[in-house]
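Me: I would like to go through this structure by question and answer. Please keep the reasoning short.

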Amino acid sequence: IWFVILLLLIFSFLGTRGADRIPHSWQNFMESALDFVVDIARNQLGESFYREWIPFIGTLFLFIFGCNWAGAVIPWKLIQLPEGEFAAPTNDINTTVALALLTSFSYFYAGLSKKGLGYFKRYVNPIPLLLPINILEDFTKPLSLSFRLFGNVLADELTVTVLTSLVPLVIPL
């Protein structure tokens, strides 16, 4: 986790150092990343509601993107440690559960801040019979989000590990 956070801080520093009106090199790269996040937020949240969520969505996106690429590019499992192992931060179920819970709490906060207590009307719409299903959905959504991210990253790391361990069979060292 600290490796990815350090990389994000370095990229942020390089992208904002000596910012000009006409972007160049790192500033251009960071502005492209910001434009990408803004487009995602605008398309998903709508024109009138997206601006206040850009920092949260951008942080989540860049952190998960950095963690996934750190696991995909660097074969951490090949580095032997006396205890434990190196792996992508999103290869730990605790990290993915924390990210999923943050997303769920933000979802509830956004609904309550926009609609007040009227937000809970969605549980009984279109018919009150759906109340238990809608409540169950809100409790299982973080579980689903965390397992999906964890499973994708774990499968990616296992694939990279298997392929890198097969290299000596094809190319003798």
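**Salt bridges and helix H2**

Reply: In this predicted model, Glu137 and Lys141 both sit in helix H5, four residues apart, which is about one turn of the helix.

Me: How far apart, N to O, are the side chains of Glu137 and Lys141 in their salt bridge?
Reply: A salt bridge here needs the nitrogen within 4 Å of the carboxyl oxygen. Glu137 is partly exposed at 34% relative accessibility, and Lys141 is partly exposed at 28%. Their side chains meet in a salt bridge, with an N to O distance of 3.8 Å.

Me: Why can residues four places apart point the same way in an α-helix?
Reply: Four places make roughly one turn, so the direction repeats. The number behind this is the count of residues in each turn of an α-helix, 3.6.

Me: Is Asp138 buried or exposed?
Reply: Asp138 forms a salt bridge with Arg122, at 2.8 Å from N to O. The pair links distant parts of the chain, 16 residues apart: Asp138 is in helix H5 (residues 131-170), and Arg122 is in the loop between helix H4 (93-115) and H5. Arg122 has 24% relative accessibility and counts as partly exposed. For Asp138 the relative accessible area is 7%, and because the cut-off for burial is under 20%, Asp138 is buried.

Me: Which residues are linked with Arg42 in a network of salt bridges?
Reply: Arg42, partly exposed at 27%, forms a salt bridge with Glu47, their closest N and O atoms being 3.7 Å apart. Glu47 is exposed, with a relative accessible area of 57%. The network links Arg42 with two residues, Asp39 and Glu47.

Me: How many salt bridges does a search of the whole structure find?
Reply: Those described above include Asp138 with Arg122 and Glu137 with Lys141. The search of the whole structure gives a total of four.

Me: Within what arc do the buried residues of H2 fall?
Reply: Helix H2 covers residues 25-45 and reaches 30 Å from its first C-alpha to its last, close to the 30 Å expected. Its buried residues are Gln27, Ala33, Val37, Val38 and Ala41. Seen down the axis of H2, these line one face of the helix, because they fall within an arc of 135°.

Me: Which exposed residues does the face of H2 turned away from its buried side carry?
Reply: The buried residues of H2 are covered by parts that include helix H1 (2-16) and helix H3 (54-73). The face turned away from that buried side carries the exposed residues Ser25 and Asn43.

Terms used:
Residues numbered from 1 in each chain as written. Predicted model: local features only at pLDDT ≥ 70, side-chain atom pairs only at ≥ 80, totals over all residues. Heavy atoms only, no water. Buried < 20%, exposed > 50% of the residue type's maximum accessible area, 1.4 Å probe, protein only. Helix = DSSP H or I, 4+ residues; strand = E, 2+ residues; numbered from the N terminus. Expected span 1.5 Å × (residues − 1). Arc of directions from axis to C-beta. Contact = heavy atoms within 4.5 Å.
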